[in-house]
Amino acid sequence: MTDEATNPPMPTPPAAPADNAQTVQSFLFALADEDFDTMESLAAPDLLWQNVGLPSIRGRNRAMKMLRSMQGRTGFGVKFHRIAEDGDTVLTERTDALIFGPLRLQFWVCGSFELRDGQITLWRDHFDYFEFMVKAPLRALAGLVIPSLRSTL
């Protein structure tokens, strides 16, 4: 027996696919930085953006138009707690912050992202509306009155 027969050569591994989790992080960090060109490059033309319970936004152009309309008026922050990738699907657990001047609303978000060819085709976020509509504003108002209570990511 030859050495090749007992130890066949290892096949060349395929090129590593794009890191979809990194793409999702880059997308949301670009939103925080108001880097809309980067966001647009990471979103597929047929992007579907869903905040569960609210109307969906279909198409990259419509989503970008809405996000750009908030530029300079509303800030955004994000802190990732967990991120998991399985093929073209990325799941996130994170804290998002919407910032309106001195008022900072922070709330827990679970996100589902689907990607194709390195671009996001689905951005679906789930969050607790009671937390978003009641608890986060109350915490934000308390932070305005008592600075030590201000939320930070």
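# A tour from helix α4 outward

Start by selecting R62, which is found in helix α4. The model on screen is a predicted one. R62 is exposed, with a relative accessible area of 57%. Now add L48 to the selection: the two residues are 14 apart along the chain, and their C-alpha atoms are separated by 9.8 Å.

Step back to N61, which also lies in helix α4. N61 counts as exposed at 57% relative accessibility. For a partner, select A43, 18 residues away along the chain; the C-alpha atoms of N61 and A43 are separated by 9.6 Å.

**The whole chain**

Zoom out and colour by secondary structure. How many helices and strands does the chain have? There are five helices and six strands. Followed from the N terminus, the elements run α-α-α-β-β-α-β-β-β-β-α. The chain has 153 residues, and 36% of them count as buried.

**Salt bridges**

Next, show the side chains of the charged residues. Side chains of opposite charge can pair when their charged atoms come close. The structure holds eight salt bridges, and three of them make useful stops.

Select R68 and E40. Their side chains meet in a salt bridge, with N to O at 2.9 Å. R68 lies in helix α4 and E40 in helix α3, so this pair ties together parts that are 28 residues apart in sequence. R68 counts as partly exposed, at 33% relative accessibility, and E40 is also partly exposed, at 26%. Add D37 to the selection: D37, E40 and R68 are linked in a network of salt bridges.

Move on to D46 and R116, whose side chains meet in a salt bridge of 3.0 Å, N to O. Which parts of the chain does this pair tie together? D46 lies in strand β1 and R116 in strand β5, so the bridge joins parts that are 70 residues apart in sequence. D46 is partly exposed at 43% relative accessibility, and R116 is partly exposed at 42%.

The third stop is R139 with E131. These two form a salt bridge, and their closest N and O atoms are 3.0 Å apart. Is E131 buried or exposed? E131 is buried, because its relative accessible area is 18% and the cut-off for buried is under 20%. R139 is partly exposed, with a relative accessible area of 33%.

**Two loop residues**

Now turn to the backbone. Most residues other than glycine have a negative phi, and most peptide bonds are trans. Two residues to select here have a positive phi.

Select E34, in the loop between α2 and α3. The phi of E34 is near 55°, a positive value in a residue other than glycine. E34 counts as partly exposed, at 30% relative accessibility.

Then select D117, in the loop between β5 and β6. The phi of D117 is likewise near 55° and positive, again in a residue other than glycine. At 77% relative accessibility, D117 counts as exposed.

**The largest pocket**

Select W49, N51, M66, M70 and L98 together. Of the 29 residues that line the largest pocket, these are the closest to its centre. The volume of this pocket is about 560 Å³.

To see where the lining comes from, colour these elements: α2 (20-32), β1 (43-51), α4 (60-69), β3 (75-86), β4 (89-100), β5 (103-116), β6 (119-126) and α5 (129-145). Each of them supplies at least two residues of the lining of the largest pocket. Which element gives the largest share of the lining? That is β4, with four residues. By class, the lining has 20 nonpolar, five polar and four charged residues.

**A nonpolar patch on the surface**

For the last stop, switch on the surface and select F130, M133, V134, L138, L141, L144, V145, I146 and L149. Together they make a nonpolar surface patch of about 850 Å². Pick out L144 from this group; its place is in helix α5. L144 is partly exposed, with a relative accessible area of 32%. Helix α5 also appeared at the previous stop, as one of the elements that supply at least two residues of the lining of the largest pocket.

Technical notes
Residues are numbered from 1 along each chain as its sequence is written. This is a predicted model: local features need pLDDT of at least 70, side-chain atom pairs count only at pLDDT 80 or more; totals for chains, interfaces and linings use all residues. Side-chain values use heavy atoms; hydrogens and water are left out. On a 1 Å grid over the protein atoms alone, a cavity is a set of points where a 1.4 Å probe fits but cannot get out, and a pocket is an open set with protein on both sides within 12 Å along at least five of seven lines; lining residues have an atom within 4 Å of a point. Grid points are joined across faces, edges and corners, and a volume is the space filled by probe spheres set on the points. Ala, Val, Leu, Ile, Met, Phe, Trp, Tyr, Cys and Pro count as nonpolar, Asp, Glu, Lys and Arg as charged, and the others, Gly among them, as polar. Patches are made of residues with over 30% relative accessible area and no salt bridge: like charges are joined within 9 Å, nonpolar side chains (Val, Leu, Ile, Met, Phe, Trp, Tyr) within 5 Å. Accessible areas come from the Shrake-Rupley method with a 1.4 Å probe; for residues, only the protein chains shown count as cover. A salt bridge is a side-chain nitrogen of Lys or Arg within 4 Å of a carboxyl oxygen of Asp or Glu. Buried means under 20% relative accessible area, exposed over 50%, partly exposed in between (1.4 Å probe, protein chains only).
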